[in-house]
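Visitor: Please take one helix of this structure and look at it closely, and then set it in its surroundings. I would like the cut-offs behind each term as you go.

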Amino acid sequence: MSRLVVVSNRVTLPAKGGAAPAGGLAVALQAALQERGGIWMGWSGKSSGSREPEPLAQQQHGNITYALTDLTKTDVEEYYEGFANRVLWPICHYRLDLAEYGRKEMAGYFRVNRFLAHRLAPLLQEDDVIWVHDYHLIPLAAELRQMGFKNKIGFFLHIPWPPADVLFTMPVHEEIMRGLSHYDLVGFQTDHDLSNFGGGLVREGIGDALGDGRFTSYGRTFRGGYYGIGIETAAFADFARKAASNIMVRKARQSIEGRDLIIGVDRLDYSKGITQRIDAFEQFVKANPGYHNKVTYLQITPKSRSEVPEYEAMQRTVAEQAGRVNGAMGTVDWVPIRYINRSIGRPVLAGLYRLAKIGLVTPLRDGMNLVAKEYVAAQDPEDPGVLVLSRFAGAARELRGALLVNPYDIEGTANAIARGLSMSLEERQERWRGMMDHLLERDVMRWCDDFLKDLQA
Ligand code: ADQ
């Protein structure tokens, strides 16, 4: 078996004794790396003012070498905050209005990818299989090819891929499309993303679809496929089962005091539809006076990317909105929305999901959305809750037992909340069983195996 080299913007180091275990993606990649031996390389998260890069920091854990590089402050501003998060992220989430193009940032993105390729090169062996993750690193394969590397290189995109009409508003779309052609396998989350990619390629006359998942463009032939990412289903279900005895989960249960719990868990990001969701909750309470003082909506939202202005503005908007609804609807003994900005360890999170009658997952656009899958995995088979899920999340193409909603349709989402809260036990069990079977079969290990098998085929 060839050695595996994983490259991603950030690297998850193994949890230190006692620390909360990492999320599913890290667990799966670490397992694959441990089995075959390999390297996980990426940015350390640190930036310095110096132009001369420090040597790569390497740490060995079992069969895995973690290789971390610092970037300069300018690199981080241009490559990460500038192009990746202010151009590619909004464009891939269909938000033309939020993309901010700057020549400097675009150049920085390609420059840092070249830098990372040069840092990686000395570590590579001839038959290594290289797996590159996500939108930060699209040009990496092209850089490695230019240096003469003929290894199998795969790419997986964790976020959506938009239709050509959206993508082609980006001044460097051509370079991005060319960058993808240097991989042997380009993986998307859903059939929908893959067809946006293939459709754009053909329609814009950049390349051809050869059938059987093969494409040709810029003189290269490569494969495209979709591999919906999963979670560590069995382990997560186990956390949830055991969480009843957890002190924080017990306190949460006591504090709900016989009310139904609705839960939302998202990074603070405009793609997650949090403001529309709060509107829908407010609409639900207004339209259903019987639920006054009978329901609590817990929204757990750690801040993210605060250096990007839209995110900073959103922090204020959501906090004000939650405060306004509580002020208008709350009573001396009822706070309708509990809005908290912190990260929660996975075992506790699993317990909170299990307490909730409704998992409210309503992104405006999402590659997959793992929260939807975690919510389902955490349910009690005897008395499962209902997943209310945006049709614009990749997960909606797999989780057919969810109540699918259009998150822009506030009344529609409010109605789905009401429907979920009054759904019969029999219907809840039937919907949940189908979704859980799917999640057990297609967990994150399977995702990892499927991608690597196709990459090496
Ligand atoms: P994200 O946009 O980060 O991921 P998501 O898939 O929902 O979105 O994953 C978030 C993860 O963070 C989940 O595992 C969740 O439990 C965890 N999390 C969120 N809030 C938390 C909190 N307060 N405390 C603790 N944990 C919290 C990107 C894409 C997604 C895609 C994933 C994986 O945007 O579409 O599903 O990558 O490919």
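Guide: Helices here are DSSP runs of H or I with at least four residues, strands are E runs of at least two, and both are numbered from the N terminus. The model is predicted, so local features need pLDDT of at least 70 and side-chain atom pairs count only at pLDDT 80 or more, whereas totals for chains, interfaces and linings use all residues. Residue numbers start from 1 along each chain as its sequence is written.

The part I choose is helix α15, which runs over residues 425-441 and has 17 residues. From its first C-alpha to its last, α15 reaches 24 Å, close to the 24 Å expected at 1.5 Å a residue (that is, 1.5 Å times one less than the number of residues). Its buried residues, those with 20 or more other C-beta atoms, placed from the backbone, within 10 Å of their own, are Arg431, Trp432, Met435, Met436 and Leu439. Because these residues cover an arc of only 130 degrees around the axis, they lie on the same side of α15 (the arc is that of the directions from the helix axis to the C-beta atoms). The other side of α15 holds Glu426, Glu430, Asp437 and Glu441, which are exposed, a label for 12 or fewer such neighbours, with partly exposed in between.

Among the elements that cover the buried residues of α15 are α8 (233-242) and α13, where contact requires C-beta atoms, placed from the backbone, within 7 Å. Helix α13, residues 370-377, also leads to the ligand, since it gives the most to the shell around the ligand, with three residues. That shell has 20 residues, and the closest are His158, Ser343, Gly367, Met368 and Leu370; a residue is near if its C-beta atom, placed from the backbone, lies within 6 Å. By class, 11 residues of the shell are nonpolar, five polar and four charged (Ala, Val, Leu, Ile, Met, Phe, Trp, Tyr, Cys and Pro count as nonpolar, Asp, Glu, Lys and Arg as charged, and the others, Gly among them, as polar).

As for the whole protein, its secondary structure comes to 16 helices and 16 strands, and 47% of its 457 residues count as buried. Its C-alpha trace spans about 70 × 50 × 45 Å along the principal axes. Of the contacts in the protein with a separation of 6 or more, 77% join residues 24 or more positions apart.

Technical notes:
Two residues are in contact if their C-beta atoms, placed from the backbone, lie within 7 Å.
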